[in-house]
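Student: Could you take me through one part of this protein up close? I'd like to hear about the biggest pocket and what surrounds it.

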Amino acid sequence: MISRQPYAPTPHSYVPNTALSATINLDEEVKLADTRAERDLHDSLAEIFSIIVTLDELEKAFLKDAIPEADYTEICERSLKQYKSLVADETVAKAFVGLEEFKAKWDLEVPRATERIRVGMPSTAITASSGSAPAAVAASGGTSGTLILEATQDFITFLDALRLGLLAKDQLHPLLTDVIQSVNKVTDRDFDNRGKIVQWLITLNQMKATEELSEEQARELELDINSAYQGFKSTLT
């Protein structure tokens, strides 16, 4: 007569740990955090992950003309604003460490999102499209005249801020953003030192909110933006 053997024989030395088995409940939900603060942190990091992936896919779609320019700009601006708001939190920033560290930890390959976050603005705000500027930029009246006036005022406001000693990133970056956006509404021509505006936007974007420019940087910035202002005015003649 053939004796039946257990389907999964166990070593004779094995003794089940009944105490351990009693503590495991397969129907119980696994908690990733014990406190509300930990849950909020995990939610914030998950949202940052989602924003980075979204930005990368958004950039791909825009390069393929798969999304209208206006929709791209709106989504990109909103995503960048959310990203900056999240990483500005001290607790989140400590866990996040930095973009490169976060990408390495979660094995993210997102070159387009990385560049967009580095720049801090949609590509449509950096480079004016051929259809974004009025045809008659030198017109003295109507919409074109109003846009020229706004761009001029934005240049002057930014330069005045520098002369008044405003050197912090959170003071200068919004003003310089106004400059490039108002300029793009006037002309899509690449005037002298226009690239300097973009370079300084990137520099400011990579600074901490309360971090300040040195006196030497401030003098260089004033010189560059003043030169860009002269270049801008030359496109109107």
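Tutor: Here's a walk through the pocket, with the fold for background and one buried residue to finish. Keep in mind that this is a predicted model. The chain has 11 helices and zero strands, so to read it you simply go from helix to helix, since the pattern along the sequence is α-α-α-α-α-α-α-α-α-α-α. Of its 237 residues, 37% are buried. Among contacts with a separation of 6 or more, 75% link residues 24 or more positions apart. On the outside, the chain exposes about 15,300 Å², with carbon and sulfur atoms supplying 53% of that area.

Now the pocket itself. The largest pocket has a volume of about 760 Å³. It is lined by 26 residues, and the ones closest to its centre are Lys84, Val87, Lys169, Asn205 and Met207. Four helices each give two or more residues to that lining: α3 (69–87), α4 (90–96), α6 (111–119) and α9 (169–186). The largest share belongs to α9, with six residues. As for chemistry, the lining splits into 12 nonpolar, eight charged and six polar residues.

One more spot deserves a look. Asp56 sits in helix α2, which runs over residues 36–63. Its relative accessible area is 2%, and because the cut-off for buried is under 20%, Asp56 counts as buried. Beyond its neighbours within four places in sequence, Asp56 is in contact with Glu109, Val110, Pro111, Arg112 and Ala113.

Key:
Residues are numbered from 1 along each chain as its sequence is written. This is a predicted model: local features need pLDDT of at least 70, side-chain atom pairs count only at pLDDT 80 or more; totals for chains, interfaces and linings use all residues. Side-chain values use heavy atoms; hydrogens and water are left out. Buried means under 20% relative accessible area, exposed over 50%, partly exposed in between (1.4 Å probe, protein chains only). Contact means heavy atoms within 4.5 Å. Accessible areas come from the Shrake-Rupley method with a 1.4 Å probe; for residues, only the protein chains shown count as cover. On a 1 Å grid over the protein atoms alone, a cavity is a set of points where a 1.4 Å probe fits but cannot get out, and a pocket is an open set with protein on both sides within 12 Å along at least five of seven lines; lining residues have an atom within 4 Å of a point. Grid points are joined across faces, edges and corners, and a volume is the space filled by probe spheres set on the points. Ala, Val, Leu, Ile, Met, Phe, Trp, Tyr, Cys and Pro count as nonpolar, Asp, Glu, Lys and Arg as charged, and the others, Gly among them, as polar.
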